[in-house]
Amino acid sequence: MVVIIQKNAKQEQIDRFIDWLGQYGLQVHLSVGAVHTILGLVGDTSRVDADLIRAMDIVEDVRRIQEPYKNANRKFHPENTVVKVGNTYIGDGSLTMIAGPCSIETEEQIITVARAVKAAGATLLRGGAFKPRSSPYAFQGLGAEGLKMLLAAKKETGLPVVTELMNLTQLPLFEEVDLIQVGARNMQNFDLLKELGRQPKPVLLKRGLSSTMEELLMSAEYIMAGGNEQVVLCERGIRTFEGYTRNTLDISAVPMLKQLSHLPVVVDPSHATGIARLVPPLARAAVAAGADGLMIEVHNDPARALCDGPQSLTPEVYEQVAGECRLVHKTLFGKAVR
Ligand code: PEP
Ligand code: MN
C-alpha cells in the first residue's frame, strides 16, 4: 500500500503518523521527493483501513497495491483449489454440471427431474427448499419437508445435492446436503458467512445482484478466514440498466475471478437471463470463457413450475445443451491439464 502525504505536512505530523501505523506491524518505507513524501507500507495490509488513512489531514491519497483479500487471492495460492462435493470435484479441470428445478415441489417432481438430468450427464442436483422470493405472497419453498424430498432424490440417483441455506437456524437440517448455497441476496450476510466458515461443508457463494467482483471475493474471504477453504464462486448475472433480460450475465467475471483467485468459478445462466431460450447460448459462452461448471434450472413442466418457470429448461433441452457444453469444453480444454 502506498500513502501519499500532503505537500504542507510537518515532519512531526509524519513521525506521529508513522508511529500510529506501527499498530499494523508493517514495515514503513519513507521516500521524500521534491514535491511529495510517499510512504510504502510493506507486509500484510489486508487489515489496514485505507479509507480511514485517506481521511487523515496529512494524507493526500492512498493506493492499494495488494488486494484486501488474502485467503482467496491467487497471489498467495497459485494452484487452483479443487472442491470435493460428495463423489465429485469442482475445479479439477472437468466440467461440473449442476442441474435441477428452482424449487422442490413434490417428491415425484424432484426425483423425475433428478433422473432426467443425471441421464443427461449432470454431476450435481440442485433444488431449493428455502426460497428467497421478492414477494412474501409468492411460493416460499417447502422448507424442511422439501429438504427430505431432495435427499430422497439423492438416494435414488446417487447425485450429490446443493441447496440454499437462508439463515443459521436451518444449518442442523443440512447434515446430508453436500454443498451449501449462499444466495445472491445473502452474499453479504456476514454472520451467515462467518458461521459457514466454522463448519466443514463446501459452500457455493453466489454473486450479489449489485456486487462487485471484489465484494464477492471479500465474502469468500469471510468464509475462508474462519477456516473453511472449500468455496465455489458463482456468477449469476448482475443488475444493469438493461431490461430485456432479468439480469446481465457478466461473462468477464469468469476469467477475471479465475485470474484474481484460485477458487473454482461456476456460472448460472438461468438467473442471469430469466429466459429459457437464452440459457443454451450463454451456457456455451460460459464454458468457452473458462467456467469450471454450470448451474442450470431444469423443470419437468416449466409452464406449471411454482418458481422460475420462464427460465427453466425441459429435460430434453437440457440434454441437448449439456452435450453442446461438453463438446465446447472438450474442444477448448480437453487436452489441457489444469
Ligand atoms: C437460486 O439459485 O435458486 C437463486 C435464488 O439464485 P440467486 O440467489 O442467484 O437469485
Ligand atoms: Mn430460481
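A residue is near a molecule if one of its heavy atoms lies within 4 Å of it. Keep that in mind as you work through these exercises on a predicted model.

**Exercise 1. The surroundings of ligand 1**

Task: Find how many residues surround ligand 1, and which are the closest.

Solution: Start at ligand 1 and look outward: 13 residues surround it. The closest are Arg 126, Lys 131, Ala 184, Lys 206 and Arg 236.

Next, look at the oxygen atoms of the ligand. One oxygen atom of ligand 1 is 2.8 Å from an N or O atom in the side chain of Lys 131. At Ala 184 the partner is a polar backbone atom, 2.7 Å from an oxygen atom of ligand 1. The side chain of Arg 185 also takes part, with an N or O atom 2.8 Å from a ligand oxygen.

Then turn to the surface: ligand 1 taken alone exposes 290 Å², and the protein buries 97% of that. Finally, the space that ligand 1 takes is the second largest pocket.

**Exercise 2. Cysteines and disulfides**

Task: Work out why Cys 307 and Cys 102 are not bonded through their sulfurs.

Solution: Recall that a disulfide is a covalent bond between the sulfur atoms of two cysteines. Here the cut-off is 2.5 Å between the sulfur atoms. The closest cysteine sulfur to that of Cys 307 belongs to Cys 102 and is 3.1 Å away, so it is too far for a bond. The count comes to zero disulfides.

Cys 325 is in no disulfide either, as its nearest cysteine sulfur, in Cys 234, is 14 Å away. Cys 325 counts as buried, at 0% relative accessibility. Cys 307 is buried too, at 4%.

**Exercise 3. Domains**

Task: Where does the domain assignment place domain 1 and domain 2?

Solution: Domain 1 covers 2–63, and domain 2 covers 83–333. Their centres, taken over C-alpha atoms, are 43 Å apart.

Key:
Residues are numbered from 1 along each chain as its sequence is written. Chains are lettered from A and ligands numbered from 1 in the order in which they are written. This is a predicted model: local features need pLDDT of at least 70, side-chain atom pairs count only at pLDDT 80 or more; totals for chains, interfaces and linings use all residues. Side-chain values use heavy atoms; hydrogens and water are left out. Buried means under 20% relative accessible area, exposed over 50%, partly exposed in between (1.4 Å probe, protein chains only). Domain bounds come from an automatic or database domain assignment. A polar contact is a pair of N or O atoms within 3.5 Å; within protein, one must be able to donate a hydrogen and the other to accept it, and residues adjacent in sequence count only if both atoms are side-chain atoms. Accessible areas come from the Shrake-Rupley method with a 1.4 Å probe; for residues, only the protein chains shown count as cover. On a 1 Å grid over the protein atoms alone, a cavity is a set of points where a 1.4 Å probe fits but cannot get out, and a pocket is an open set with protein on both sides within 12 Å along at least five of seven lines; lining residues have an atom within 4 Å of a point. A molecule sits in a cavity or pocket if more than half of its atoms lie within 2 Å of its grid points.
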